[in-house]
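Thanks, everyone, for making the time this morning. I would like to walk through one model with you, going from its charged pairs to its sheet and then to its core.

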Amino acid sequence: MKSPECDLKGHGPCRGPICQRGISLNHLCDLHIRLQSYWTGHNPGKKLNDWLDGLGNAQIEDALSKAPARGKYWQEVAWQPDEE
């Protein structure tokens, strides 16, 4: 089994553990979970990917400093590497 990757890979460097919410098949890194949470509250009507594409490193750090912690429904994904 391959290590799960963040579904928002390519929208800035991923940071933190890869997590999954409930039984969803979506996987996000801690950074993108927190940015998504911040975005949802502050940018109604805009697409998350468009917003992330337009962010610079300083803007990401600023948004991250204001973003809430990862919610309790997001659980770190445990995975086992393939035995070869």
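**Charged pairs, sheet and core**

Let me begin with Lys-9, which forms a salt bridge with Glu-5, and in that pair the closest N and O atoms are 3.4 Å apart. I should say at once that what you are looking at is a predicted model, so that every value I quote is computed from predicted coordinates. Of the two partners, Lys-9 counts as exposed because its relative accessibility is 53%, with the line for that class drawn at over 50%. Glu-5, on the other hand, counts as partly exposed, at 41% relative accessibility.

How many salt bridges does the model have by this rule? The count comes to 4, and I will take up two others besides the one I have just described.

One of them joins Asp-30 to Arg-70, where the closest N and O atoms are 3.0 Å apart. This pair links distant parts of the chain, since Asp-30 belongs to helix 1 while Arg-70 sits in the loop between helix 3 and strand 3, 40 residues apart. Is Asp-30 buried or exposed? Asp-30 counts as buried, because its relative accessibility is 18% and the limit for that class is under 20%. Arg-70, its partner, is partly exposed, with a relative accessible area of 28%.

The other is formed by the side chains of Lys-66 and Asp-62, which meet at 3.2 Å, N to O. Here the two residues lie 4 apart in helix 3, which means that about one helical turn separates them. Asp-62 counts as partly exposed, at 38% relative accessibility.

Now let me step back to the overall layout. The protein has 3 helices and 3 strands, and if you read along the sequence, they follow the pattern β-β-α-α-α-β. Taken along the principal axes, the C-alpha atoms fill a box of roughly 45 × 25 × 20 Å. Of the 84 residues in the protein, 32% are buried, and the accessible surface comes to about 5,900 Å², with 51% of that belonging to carbon and sulfur atoms. If we take the contacts between residues at least 6 apart in sequence, 54% of them join residues at least 24 apart.

Next, the sheet. In what order do the strands stand? The order is 2-1-3, in an open sheet of 3 strands with antiparallel pairing. Strand 2 and strand 3 are the edge strands, each of them pairing on one side only, and the twist from one strand to the next averages 45 degrees.

Looking at the pairings one by one, strand 1 and strand 2 are joined in the antiparallel sense over 3 bridges, and within that pairing Gln-20 stands opposite His-27 in strand 2. The hairpin that these two strands make has 5 residues between the strands, and in this hairpin Gly-22 takes a positive phi near 60 degrees. Strand 1 also pairs with strand 3, residues 74–76, again in the antiparallel sense and over 3 bridges, and there the bridge partner of Cys-19 is Glu-76 in strand 3.

How does helix 1 relate to these strands? Helix 1 lies across strand 1, strand 2 and strand 3, and runs at about 95 degrees to strand 2.

That brings me to the core. The largest nonpolar core has 21 residues, and the members that touch the most others are Leu-35, Trp-51 and Leu-52. The elements that give two or more residues to this core are strand 1, strand 2, helix 1, helix 2 and helix 3, and helix 1 gives the most, with 5 residues. Which residues does Leu-35 touch, if we do not count those up to four places away in sequence? Leu-35 touches Trp-51, Leu-52, Ile-60, Ala-63 and Leu-64.

To close, then, I would ask you to keep two places in view as we discuss the model: Leu-35, with its contacts to residues including Trp-51 and Leu-52, and the salt bridge between Asp-30 and Arg-70.

Terms used:
Residues numbered from 1 in each chain as written. Predicted model: local features only at pLDDT ≥ 70, side-chain atom pairs only at ≥ 80, totals over all residues. Heavy atoms only, no water. Core = buried A, V, L, I, M, F, W, Y, C linked by side-chain atoms within 4.5 Å. Buried < 20%, exposed > 50% of the residue type's maximum accessible area, 1.4 Å probe, protein only. Contact = heavy atoms within 4.5 Å. Pairing = 2+ DSSP bridges. Axes fitted to C-alpha atoms, helices over the stretch in contact; angles between N-to-C directions. Areas by Shrake-Rupley, 256 points an atom, 1.4 Å probe, with all protein chains shown as cover.
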